[in-house]
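Got your viewer open? Follow along, selecting residues as we go, and we'll look at what sits around each one.

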Amino acid sequence: MINVAILGYGTVGSGVAGVIANHSGAIAAKVATPIHIKYILVRRDMPEGPFSDLFVKDFSVIEQDPEVQVVVETMGGTGAALEYTRRALLAGKNVVTSNKELVAEHGYELLQLARSNNLSYLFEASVGGGIPIIRPISQCLAANDLTEICGILNGTTNYILTRMIRAGLSFEEALQEAQEKGYAERDPAADVEGHDACRKICILASLSFGRHIYPSQADTEGITKITLEDVQYAEDGGKKIKLLGRAMRQPDGKVCAYVAPHLVDEESPLANVEDVFNGIVVKGDSIGEVMFYGRGAGKLPTASAVVADIMDAARHIESKKYINWAPGGADAAVSSEGVVTGWYVRADAQPSDVEKAFGDVAFLHRSGAPEEEKAFLTAPMTREEVEQRSAKLGVKSLIRVLGQ
Ligand code: HSE
């Protein structure tokens, strides 16, 4: 029998407990031993429920119990979660987590700590919710030289954008729906301002390109400035607006990672990733392109990935399968300033001024637009160049366009 302690009993923690309880027979058969939840760490009094007998408030009970072999951290954040993860690894316990903030900020240190104690530190649920992506990149695609990861990595913002486009909901109404469905972060600013997607692209970049890339090294812009007008103009150009995380390996080996809204061609697979779904395209020299798609947030999809990691840790109690990357540093990453893409510009300007600044452009249209408002798509250029050229145009929106 493998004894497990779950830290946290929120959306993910309660989902993990439920999945283990509901699938105990099948899990035991697949792992060849039962998985038993021995403790659930809670920070405050919780209402009575099926797992109340397992609740403890003191982490040292778990830390000091030699029977606990796997600690499942679903608390979130980098405070107590970091302290307890370190202490669990130092106490000889394997750790499984869904905590993307912790992996993005401290992944290198925690992977090293796990390795030096001959333990697993697994985090499949940290990116893409229920979508398998960490294991495919570290194992199935290991024979490739990976060159780029590009994806819709945040379910909440994709849900909001989809509901705004399809149901004409306001931003606030759509966000409230996402919160009710358990998709959003405790502080939804992390979703709508792009920080959650940033943490995820940093984890994927570290895993794919071999050095730790920190969130502070990835330029990040969310969806709070996107308006229904932009959505309508994009539609006229045959495009949809999606929040993308991108990480690209430069010829010198450095990594450019960033998060920003993009206009995506409506025929492309990423444009058709809707609602809470995530889609992640991975490019490699042998594979060409492969796309991963599925539910990127929510209690059970995330619990599915966490429980699979618990099962993997249980199967590898004796012989570990290490995930690894090298330390980061200022020389590991470059900013997104040099990234060349087309741009969508919405501005108050005369067509002649637009053409003077940008030459031939594709103008877009929407019904009810004020006479002075112009929206258009530019040729590929850097952010600095588009800002310089549009400096006199009274710009209202500036959004990257993903190339074909
Ligand atoms: N808030 C996150 C999202 C949860 O919406 O994608 C899953 O990481």
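Start with the aromatic rings: there are nine aromatic pairs here, where rings of Phe, Tyr and Trp (its six-membered ring) pair if their centres lie within 6.5 Å, and planes under 30 degrees apart count as stacked, over 60 as edge-to-face and the rest as tilted. Select tyrosine 121 and phenylalanine 123 for a tilted pair, 5.8 Å centre to centre with 50° between the planes. Tyrosine 121 and phenylalanine 123 are both buried; buried means under 20% relative accessible area, exposed over 50%, and partly exposed in between (1.4 Å probe, protein chains only). Then pick Tyr9, Phe51 and Phe55, which make up one aromatic cluster.

A quick word on what you're looking at: this is a predicted model, where local features need pLDDT of at least 70 and side-chain atom pairs count only at pLDDT 80 or more, while totals for chains, interfaces and linings use all residues. Residues are numbered from 1 along each chain as its sequence is written, and side-chain values use heavy atoms, with hydrogens and water left out.

Next stop, salt bridges. The structure holds 31 of them, each a side-chain nitrogen of Lys or Arg within 4 Å of a carboxyl oxygen of Asp or Glu. Select arginine 166 and glutamate 274: their closest N and O atoms are 3.5 Å apart. Arginine 166 belongs to helix H7 (residues 155-167) and glutamate 274 to the loop between E10 and E11, so this salt bridge ties together parts 108 residues apart in sequence. (Helices, H or I with at least four residues, and strands, E with at least two, are DSSP runs numbered from the N terminus.) Which partner is buried and which is exposed? Arginine 166 is exposed, at 55% relative accessible area, whereas glutamate 274 is buried, at 13%.

Keep glutamate 274 selected and add lysine 240. These two also form a salt bridge, with the closest N and O atoms 3.0 Å apart. Lysine 240 lies in strand E9 (residues 239-249) and glutamate 274 in the loop between E10 and E11, so the pair links parts that are 34 residues apart in sequence. Lysine 240 is buried, as is glutamate 274.

Now jump to arginine 346 and glutamate 373, another salt bridge, with the closest N and O atoms 3.0 Å apart. Arginine 346 is in strand E14 and glutamate 373 in strand E16 (residues 373-377), so the pair joins parts 27 residues apart in sequence. Arginine 346 counts as buried at 6% relative accessibility, and glutamate 373 is buried with a relative accessible area of 6%. Widen the selection to Asp230, Arg346, Asp348, Arg366, Glu373 and Lys396, and you have a network of salt bridges.

Last, two spots where distant stretches of chain can be picked out. Show glycine 338, in the loop between strand E13 (333-334) and strand E14 (342-348). Glycine 338 is exposed, with a relative accessible area of 55%, and its C-alpha atom is 8.5 Å from that of glutamate 384, 46 residues apart along the chain. Then select glutamine 112 in helix H5 (residues 100-116). Glutamine 112 is partly exposed, at 32% relative accessible area. How many residues along the chain separate glutamine 112 from isoleucine 323? The answer is 211, with the C-alpha atoms separated by 9.5 Å.
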